[in-house]
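The exercises below are meant to be worked through with the sequence and the structure side by side. Try each task before reading the solution that follows.

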Amino acid sequence: FTPEVVADGNDEAMSISTEKTVLPSGATLVSRTSGGSEMFGMHILVKDRYLLEGELRGGAEMLHDLLKSGTSKYSKEEIKAELDARGATLKAVDMGFIPYDDYYNSADYGYIRFECLAEDADWGMEFIAHLMDSTEIDEDGFAKAHKDAGNRVAMKKSTALHTADQTYKELLLGEGHPFTLAVSGTAESLEKIDLAGLKDLQERYFDPANYIITISSPLPHAGLVEKFNSIWGTNGTSVKRAVNVLPARTEKQEQVIDLGKEQAQIRLAFPVVVAPEDKAAFDVMTSILSYRMMFDLRETRGLAYRLSIRVGTDGNADWLTAAMGTGVEQVDEALEGIRSYFDASRLDDVTQKEIDKTVNASKGRYMMRNLTRLGQAYYMGYHEYYDDDYQIALQRSEKGEQITPADVQRVAEQYLAIPENYTLVIVK
């Protein structure tokens, strides 16, 4: 293990070391140790949330919501007082009805985000582990959590946007794929959850063997390992992420849903198998094409109020999606416009300047999100889960530097054409 040496904004050398250990409890611990900030950022990812829930969809979110409700050691008020006294923050539930608050909310995994001063890290690790291990759920607590869960489900209105996203994902990825499942559950799944069932889920869900713990702080990895080993036992076996196989289809799927709306949503998607050596150029190609399509169809022709081309992945399979919101009367013209961009000739005139601009903009967005200890911890956890390689989070800002126009044109020729097994959903 060799520390990486980088330069900070003052051109002073700063050592950044990263390390990974699978603990005897089964938990995977990844740490990034560096100076520059005296904060301790910890992200705990709970693997395969949807599989642990089974029919009790929405149960995990209820458990997350209950984390601050009280244990045998702390009351609800004392938990708040403990956090406030140290200026610590704990977040375990995103509000899907608040724009951008649910930007990585997923039925595929659960999360706990925690931040405190590095000098309080020992307390923080013990405190969060205690809440996860020892939250007490009584009849009153269950009733409140169940009511809150129902309210979250009710707040998710059946819009054209939601219907289009849900329908195309179910067709493309297959029913039961975690990306098609509602994090908060449904009214039907919540009906199946009772107090006994939630307590049973609690025992299975909050098990260290399900955890990927990622930490960014000034603290050495060895000390973090020692602390967690003192908290949990030694009889766990790390759980591997479940692999989902996309349906093997050879024919197109098209569905038009009429909700009587004034605005329509279009989703055109298809699976794509991108070679590892092509991924960087493929991502750049997609970004350039998305920007060009947006400028043409939205800014110049006024056919859309929102649109994009984006790459989706679940760690096992990839897919390409064009998404557009447009007027009902413009659907045919808009769809024709979308299709016209899935043509390699659209990138015959791509320049090195355009590629460099795209790469730098992507780097800038990532670096902004990665500025905080918590942001660094999240990305390490995300890539450890989906790619089995947390180092990708450290290398992302370096990707794309060697991409040339020839690279972009080559991947466009290879991957961009719409295949026969595409999925098209129009909701209006």
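**Exercise 1.** With which residue does Lys279 form a salt bridge, and how far apart are the closest N and O atoms?

*Solution.* Bear in mind from the start that this is a predicted model. The partner of Lys279 is Asp318, and the closest N and O atoms of the two are 2.6 Å apart. Next, place the two residues in the chain: Lys279 belongs to helix H10 and Asp318 to strand E11, so that the pair links distant parts of the chain, 39 residues apart. Finally, consider exposure: Lys279 counts as partly exposed because its relative accessibility is 34%, whereas Asp318, with a relative accessible area of 14%, is buried.

**Exercise 2.** Which parts of the chain does the salt bridge between Arg292 and Asp349 tie together?

*Solution.* Begin with the distance, which is 2.9 Å between the closest N and O atoms of Arg292 and Asp349. Because Arg292 lies in helix H10 and Asp349 in the loop between H11 and helix H12 (352–369), the pair ties together parts that are 57 residues apart in sequence. Then look at each end of the pair: Arg292 is buried, at a relative accessible area of 17%, while Asp349 counts as exposed, at 52% relative accessibility.

**Exercise 3.** On which side of helix H11 are the buried residues, and what covers them?

*Solution.* First list the buried residues of H11 (residues 331–340), which are Val331, Ala334, Leu335, Gly337 and Ile338. They cover an arc of only 155° around the axis, and therefore they lie on the same side of H11. On the other side of this helix, Asp332 and Glu336 are exposed. The cover over the buried residues includes strand E9 (263–272), helix H10 (279–300), strand E11 (318–327) and strand E12 (423–427).

**Exercise 4.** How many residues of strand E12 are buried, and in which sense does E12 pair with E8 and with E9?

*Solution.* Start with the count: 5 of the 5 residues of E12 are buried. Both faces of the strand are covered, with Thr423, Val425 and Val427 on one side and Leu424 and Ile426 on the other. Turning to the pairing, strand E8 (residues 253–257) and E12 run in the parallel sense over 5 bridges, and Gln255 has Val425 as its bridge partner in E12. With E9 the pairing is in the antiparallel sense, again over 5 bridges, and here Leu268 stands opposite Leu424.

**Exercise 5.** Which residues of the largest nonpolar core touch the most other members, and which helix gives the most to this core?

*Solution.* The core holds 50 residues, and those that touch the most other members are Met42, Phe114, Ile128 and Ile213. Helix H4 (residues 121–134) gives the most to this core, with 8 residues. To follow one member further, set aside the neighbours of Phe114 within four places in sequence; the contacts of Phe114 then include Phe40, Met42, Leu83, Trp123, Ile128 and Leu374. Apart from this core lies another, of 41 residues, among them Ile266, Ala281, Met285 and Leu320.

**Exercise 6.** What pLDDT does the chain average, and over residues 1–13, how many contacts beyond near neighbours in sequence does the model have?

*Solution.* The average over the chain is 89, and 92% of the residues score at least 70. Over residues 1–13 the pLDDT is below 50, and this stretch has 17 contacts beyond near neighbours in sequence. Over residues 98–102 the pLDDT is likewise below 50, with 6 such contacts in the model.

Definitions and conventions: Residues numbered from 1 in each chain as written. Predicted model: local features only at pLDDT ≥ 70, side-chain atom pairs only at ≥ 80, totals over all residues. Heavy atoms only, no water. Core = buried A, V, L, I, M, F, W, Y, C linked by side-chain atoms within 4.5 Å. Buried < 20%, exposed > 50% of the residue type's maximum accessible area, 1.4 Å probe, protein only. Helix = DSSP H or I, 4+ residues; strand = E, 2+ residues; numbered from the N terminus. Contact = heavy atoms within 4.5 Å. Arc of directions from axis to C-beta. pLDDT = per-residue confidence, 0-100. Pairing = 2+ DSSP bridges. Salt bridge = Lys/Arg side-chain N within 4 Å of Asp/Glu carboxyl O.
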